[in-house]
Amino acid sequence: MGLVVEAEIENHQTTSSEQIQYQMGVRSLLERGITRVPTKYILPQEERPNGDSDIHDLNIPVIDFAQLHGSTRSQVISSLAKACQEYGIFQLVNHGIEADVIHRMVDVSTRFFDLPSNERSKYMSKDMFSPVRYGTSFNQNNDKVFCWRDFLKLSCHPCLPEVLPHWPSSPVDLREAAVNFSKSTKFLYLMLMEAILESLGLKMGETSRDDDDINNGKDGSIKFEDQGSQLIVVNCYPSCPEPELTLGMPPHSDYGLLTLLLQDAQVEGLQIQHEGRWITVKPLLNSFVVNVGDHLEIFSNGKYKSVLHRVVVNSSKSRISVASLHSVPFNCMVGPSPKLIDKANPKRYKDTDFSTFLHHIASREHNNKSFLESRKLFFTS
Ligand SMILES: O=C(O)CCC(=O)C(=O)O
Ligand SMILES: [Fe+2]
């Protein structure tokens, strides 16, 4: 560590009672009236955001969902393929989800993080498979440096009627808003996934039949339909007194097939890495950001790329985002589709079961796209 950083950390010394407080989240910390970023959140110089290197003029592809139906479908499928191949991300407009469903989800999320800290912390859990998990940072059990984020994770597995009684009962309208949001985004995901499979020359049926490309894990093919896993992640990034020292989320790729993300229409924060540079994903009114996840990179045998992204924070505004992550059922294997493998395109990734993925992600070693790297097969010729 350089001298400058050491000197900065000196100035940010914190007490052991604050160490315990970190586990309670950033909101709780701010309620104690801090005016500096505590040491626990200060990144080494080389990992800090650098405002100057962010550029805004890169056009992230915009996909018009309404145009998927009808005579324009084939053009939209080509645009989807290009977006997934070159960027691993696109913004989805005309998605058809009612404004009210979105508004209620954001509104109730904001009110959830406004609850007293002892009310929120009732939902803290170390169990990755818990139907509800409130927490802070990226992986608070392992993170050496914490990030400036609190979250609420709502799992929809194995089905909504089973998990619903575990979801927070306060605010009173949280369950209803989250159910409507999860059902709407699931429907959108299925429509998108069908189009993305089509762009790969594959197809999705209503049930697992032999001629579908979705049957359940044998031959490395995977199951996309209703039993697929879904996780709703509500992120809260409070305003930060020294945003240049920390991040809301460190660089990572999402593990699943696709993530549909609702980002705050007023507050920027999400950045993707593209051609070695960090680019801000400008909020686009009434849109979803759609990320390609690691499972889709593997399933497509590397044709589509999961996107490395991070979140920066700012000194004046707090930011809320809601992600809907979708993948195969938990008991499935993920591997390259046999239909995308041939002599010219040998298999590039090992098959992996979903829980190995999740355990790696929760582990100390996880950073950037490290898991995906560990699944790659290398060829000598
Ligand atoms: O808040 C954002 O814009 C991104 C959130 C994110 O990357 C995630 O929840 O995985
Ligand atoms: Fe993410």
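Reader: Does Glu275 count as buried or exposed?
Author: This is a predicted model: local features need pLDDT of at least 70, side-chain atom pairs count only at pLDDT 80 or more, and totals for chains, interfaces and linings use all residues. Residues are numbered from 1 along each chain as its sequence is written, while chains are lettered from A and ligands numbered from 1 in the order in which they are written. Buried means 20 or more other C-beta atoms within 10 Å of a residue's own, exposed means 12 or fewer, and partly exposed lies in between, with C-beta atoms placed from the backbone. Because Glu275 has 7 C-beta neighbours inside 10 Å, the residue counts as exposed.

Reader: Where does Glu275 lie?
Author: Helices (H or I, at least four residues) and strands (E, at least two) are DSSP runs, numbered from the N terminus. Glu275 is not a glycine, yet its phi is positive, near 50 degrees. The residue lies in the loop between strand 8 (270-274) and strand 9 (277-280).

Reader: Asn301 also sits in a loop. Is Asn301 buried or exposed?
Author: Its loop runs between helix 9 (294-299) and strand 11 (309-311). Phi of Asn301 is positive too, near 55 degrees. With 22 C-beta neighbours inside 10 Å, Asn301 counts as buried.

Reader: What share of the chain's contacts joins residues at least 24 apart?
Author: Two residues are in contact if their C-beta atoms, placed from the backbone, lie within 7 Å. Take the contacts between residues at least 6 apart in sequence. The share joining residues at least 24 apart is 76%.

Reader: Which residue joins Pro158 through a cis peptide bond?
Author: Pro158 is in the loop between strand 4 (150-155) and helix 7 (160-163). Its 13 C-beta neighbours inside 10 Å make Pro158 partly exposed. Omega of the cis bond is about 0 degrees, and the partner is His157.

Reader: How far from Pro158 is Gln227 in space?
Author: The two are 69 residues apart in sequence. From C-alpha to C-alpha, the distance is 7.5 Å.

Reader: How far apart are the end C-alpha atoms of helix 8?
Author: Helix 8 covers residues 174-199, 26 in number. The expected span is 1.5 Å times one less than the number of residues. That gives 38 Å, which agrees with the distance between the ends, 37 Å.

Reader: Which strand pairs with strand 7 over six bridges?
Author: Strands pair if DSSP finds at least two bridges between them. Strand 7 (258-263) pairs with strand 10 (residues 288-292) over four antiparallel bridges, and there Leu258 has Val292 as its bridge partner. On the other pairing, Leu262 is bridged to Val322. The six antiparallel bridges link strand 7 to strand 12.

Reader: How many residues of strand 7 are buried?
Author: One side holds Leu258, Leu260 and Leu262, and the other holds Thr259, Leu261 and Gln263. Both faces are covered. The count is six of six.

Reader: How many residues around ligand 1 are charged?
Author: A residue is near the molecule if its C-beta atom, placed from the backbone, lies within 6 Å of it; the shell includes Asn235, Asp254, Gln263 and His309. Strand 5 (229-237), strand 7, strand 11 and strand 12 (319-327) each supply at least two of the shell residues. Ala, Val, Leu, Ile, Met, Phe, Trp, Tyr, Cys and Pro count as nonpolar, Asp, Glu, Lys and Arg as charged, and the others, Gly among them, as polar. The shell divides into six nonpolar, five polar and, for charged, one.
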